Each structure stands twice: as C-alpha cells, then as structure tokens.
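Colleague: Before I use any of the descriptive terms in my notes, I would like to go through them with you and hear what each one rests on.

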Amino acid sequence: MKPSEQQNTAKTTKSSDTARTAERAADLQARKRSADFKTSKKSNKYFARAQKILPGGVNSPVRAFRAVHSTPFFVKKGEGDRIFDVDGNVYTDYVMSWGPLLLGHARKEIVRAVKSAARDGLTFGAPTGRETLLAEEIRRACPHMEMVRLVNSGTEATMSAIRLARGFTGRDKILKFAGCYHGHSDGLLVRAGSGCLTGARPDSLGVPKGYAENTLIAQYNDAENVQKLFAANRGEIACVIVEPVAANMGVVLPRDNFLQTLRKICDKEGALLIFDEVITGFRLAYGGAAQVFGVRPDLAAYGKIVGGGMPLAAYGGRADILSMVAPLGGVYQAGTLSGNPIATAAGLVCLKILRKEKTEIYPAVEESAAMLERAYREAGVPVNRIGSILTPFFAEKAPENYTEVLACDTEKFSLYFREMLRRRQFVAPSQFEAMFVSNAHTREHIEETCEAIALSCTAAKARQE
Ligand SMILES: Cc1ncc(COP(=O)(O)O)c(C=O)c1O
C-alpha cells in the first residue's frame, strides 16, 4: 500500500471511529433519556381506545401482557435489535415478532425487496415466478420438502398438513404432545386432560367435542406414552405432529433420541411424521431441526422466518403425499392471498441471505444466546437453550416436559418480566414462550441485557421470598 493510501485509510478509519463514538454517545443519551422516561402515557391512551374495539385491545392474546399482570406498550417502529414505543422508550427486543426476525427489524435488503415488489402490484390471484423460486429455496435448505405449498400462516400450514395426512392415510385420529402449539385450528387446540393417557379436552370454548376426541395427547419426551397410544388405537392414527424442539411451553429440548424414536414408531404403525418447524425452521440451523437432529419427516410446516417478516408459511414433504393436494388430488386446500407477491419477495431475500451467510449467522446468534444463558445461570435461574432460542425457567430445574413446565413459578416470572421491561429489555410476556436472538443483536446490547438479567432475576427472587 502506498503511504498516501495508508494515510487515507488511517484517516477513514479515524473518521469512522469518531462517527461510531458519536453514534454510541447519542445512542447512550437516547437510552438515558429513555431510562428516565417514567410514563407510558401514550401507550395507555392507545390501549384504552383499542380495548373498545379489539377484544382485549389486541389481535393476538399474548400481546395484552395479561400473564404478567401488566399492560402493553404500543410500537412505533423497529430497527435492528431495537423496538421504539409511541412514548419514546427504546427497548432491546427479544420477542422479535415471536420468531420471524432472525435478521433483525427492518433489514434493508428485505425492505428494499418489499418496496420494489409492491410497485408491481399487491396481489394477483394468478401464479408468479417468485412462488416457485421461494419453494425451491425452501427445498434447497430442507431436502425432505420435495414438494411445497405456500400458505399465509403457521396455523394454516399445520392444519393443511394434518388434513393431507388424514387424506393420505384414510385415518381420522392424530397424535400431538402436551404443551406443543401448532396454531389455533380446532383439532389442535387440545392438550392433556388430567392424565396423558386418558384422552383429551379442548383448550378453547367453541371447539366441538368430536374434534378433541380425534386428537390424542402424549407427553413430550415420553416415547413409551406414544407407543401405548398407538397400541390402544391401532390402525387409526393418521399422523404424529410435533414441534421437534418444543418452544411454546418455553423451550424444551428433545432427549434420549425422542425424535428418532418417533420416526421408528410412525414407520412401524403406518402413520406419518409431521414436524412443525414454524419456529425451528431456518432458526436452529439453515436446514432447521430436521438437519440438526438428522430425522426426515414425511411432512413439515414452516412459517415465521420463511416469510422474512411478512405473512407467509408453507407446508410440504414427500412428493407422493403432496400429489394428493388439489388440483392434483382430492385433498382440498386453497387461499386468495397464498403465495402473495410481496410476502414471497420478503421470504426469498431472507432465505437467500441465510443461505449465503449461514456459516457466519448461525454461530453468531448462538454465541449471543449462550451469553444470555450464562447470565441466567449465574443468577441462579435454570435455562433451556438451543441455538438462538432460550427460556429461563423460574423453577428448581429446567423442565423436560409439560408437567414439569407447569411447576414453574409464574408470579416470580412476572416480577422478572416487569423488572426487565423497566430496564428496557423486551422479553416474552409469559413464562411459556421462547426468547429470540437475532443476527442484529449487538455485543454491546447483549452485554447490557446480561446486566439487566442479573439485576432483574435478583430483584424478582428477593421480592417474593
Ligand atoms: C410451532 C408453531 N406452530 C404453529 C404456529 C402458528 O403460526 P401462526 O401464528 O403463524 O398461525 C406457531 C405460532 O407461534 C408456532 O409457534
């Protein structure tokens, strides 16, 4: 390098250093102002108005903060790993829209793709090329997705996969696990009754009893339980649907080759294995849980990350099974906005980034999540973590199934949540959810969160004891 070039580089480095320092100082000041900010005046006003027209003031129940005896802040915008509320408070975000934002808020390439797609029209109800490209991109990461159908939400994806499994096998019953969430379609809103072997009851009013009767419930991580249910319902079970890593009772990991055993049982019993990868897909690894655990499902459902932040999901799997979906076969499933051009544009860019940068992105998010895990452990709070999802449990030990999850101290959790929020850390407002780390989380913000974890856990524990 020539001396003049060297000088130039030094100058550029120096000026970018100065710019970074100034940026950091401004950021710090903004956070200080935000930390000083004592009111949620506007959020409270918005919430009061919302409650008069939206049930509970929200469009999805957990957003109402009821489980933590609080009321929600209203969001103005998101940027990277931060979320800004209408009162000017700034939070480091670990909810991340419940999973889609592995690349952070408002990732510029995705925003650009959405803007550009929107200019060409918002929806057509006729095929577009990007739908095929996105389906191919999904198959590239998940080879078991031999054929793919795009839909609008995770609920639609799992519901359709189950209809397909029933159509393919000619059987009515399905088996799911207590504490696994697969969206809000009728037959899936069921968990265990008083005993895991004794049948099921709906979790929601409005679900006909007959639906619940066709949904058998097993204990997660209990293969023997699954075997007994198959023995009691021989030739009647169409499929086993499972979150390969449960993330809707807090994060609970499969143990003792649970997924491999499910694969064997399904093969033996002529039932299909459905992986609900709505959270784990493209999150645990580029190839999701199927890649991490080396188990090939017959069918799988994806959502959240596949839409890059837009409403898009997918189900798919073995070509012989997917060939039964209309218009090829007799299993009907359709959607006015399915494969929407804006959503496919966002999803496509997101998955391309993950493919091209997977060797950097996945280790980076894992490292950040591991720092958070350490902070919880040091504060005496057990944690379950895999990759970039984790849950701290206010319990004696980290749970391995739904029964153990229910033993958590939710009051302590809600104190901890409010302590975290006070320190401008937005974690899930429920003990039974995951914390999502993105590639946009900076080291500096993770370190701040670790400090907040230490203080908040201590405060939560102290106030109760
Ligand atoms: C594992 C899993 N499956 C399905 C769903 C339903 O997805 P959606 O909310 O997009 O309908 C969710 C939602 O959180 C989920 O976590």
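Modeller: Let us begin with the pairing of strands, where two strands count as a pair if DSSP finds at least two bridges between them. The model is a predicted one, and in it an open sheet of three strands has the order 13-14-16 with antiparallel pairing.

Colleague: Why are strand 13 and strand 16 said to stand at the edges?

Modeller: Strand 13 (383-386) and strand 16 (435-436) each have a single partner strand, so one side of each is left without a neighbour in the sheet.

Colleague: How do you know that strand 13 and strand 14 pair?

Modeller: The pairing of strand 13 with strand 14 (residues 389-392) runs over four bridges in the antiparallel sense, and the criterion asks for at least two. Within this pair, Ile-386 has Ile-389 of strand 14 as its bridge partner. Helix 11 packs on the sheet, where it touches strand 13 and strand 14, and its direction makes about 170° with that of strand 13.

Colleague: What makes helix 3 roughly antiparallel to helix 11?

Modeller: Helix 3 (residues 108-119) packs against helix 11 (residues 341-378) at an angle of about 150°, and their axes are 8 Å apart. Angles over 145 degrees count as roughly antiparallel, and therefore helix 3 is given that description relative to helix 11. The crossing of helix 3 with helix 11 is right-handed.

Colleague: Which residues of helix 3 and helix 11 meet, and how is their contact made up by class?

Modeller: From helix 3 come Glu-109, Ile-110, Ala-113, Val-114, Ala-117 and Ala-118, which meet Pro-341, Ile-342, Ala-345, Ala-346, Val-349, Cys-350 and Ile-353 of helix 11. By class, this contact has 12 nonpolar residues, no polar ones and one charged residue.

Colleague: Why is helix 7 called roughly parallel to helix 8?

Modeller: Helix 7 (residues 223-232) and helix 8 (residues 258-269) pack at an angle of about 15° with their axes 10 Å apart. Since angles under 35 degrees count as roughly parallel, the description of helix 7 as roughly parallel to helix 8 follows. Helix 7 also passes helix 8 in a right-handed crossing. In their contact, Ala-223, Val-226, Gln-227 and Phe-230 of helix 7 meet Phe-258, Thr-261, Leu-262, Ile-265 and Glu-269 of helix 8, and by class this contact has six nonpolar, two polar and one charged residues.

Colleague: Asn-340 lies in a loop, between helix 10 (319-322) and helix 11; is Asn-340 buried or exposed?

Modeller: A residue is buried if 20 or more other C-beta atoms lie within 10 Å of its own, and Asn-340 has 26 within that distance, so Asn-340 is buried. Leaving aside residues up to four places away in sequence, Asn-340 touches Thr-123 and Leu-312. The C-alpha atoms of Asn-340 and Ala-126 are separated by 9.6 Å, although these residues are 214 residues apart along the chain.

Colleague: What makes both faces of strand 8 (residues 215-218) covered?

Modeller: Thr-215 and Ile-217 on one side of strand 8 and Leu-216 and Ala-218 on the other are all buried. Strand 8 runs parallel to strand 5 (residues 173-177), to which four bridges join it, and Leu-216 is the bridge partner of Leu-175.

Colleague: What share of the 465 residues in the protein chain is buried?

Modeller: Buried residues make up 46% of the 465 residues, in a protein chain that has 14 helices and 16 strands.

Methods:
Residues numbered from 1 in each chain as written. Predicted model: local features only at pLDDT ≥ 70, side-chain atom pairs only at ≥ 80, totals over all residues. Axes fitted to C-alpha atoms, helices over the stretch in contact; angles between N-to-C directions. Helix = DSSP H or I, 4+ residues; strand = E, 2+ residues; numbered from the N terminus. Parallel < 35°, antiparallel > 145°, perpendicular 65-115°, else oblique. Left-handed = near helix turned anticlockwise from the far one by under 90°. Contact = placed C-beta atoms within 7 Å. Nonpolar A, V, L, I, M, F, W, Y, C, P; charged D, E, K, R; others polar. Buried ≥ 20, exposed ≤ 12 C-beta atoms within 10 Å, placed from the backbone.
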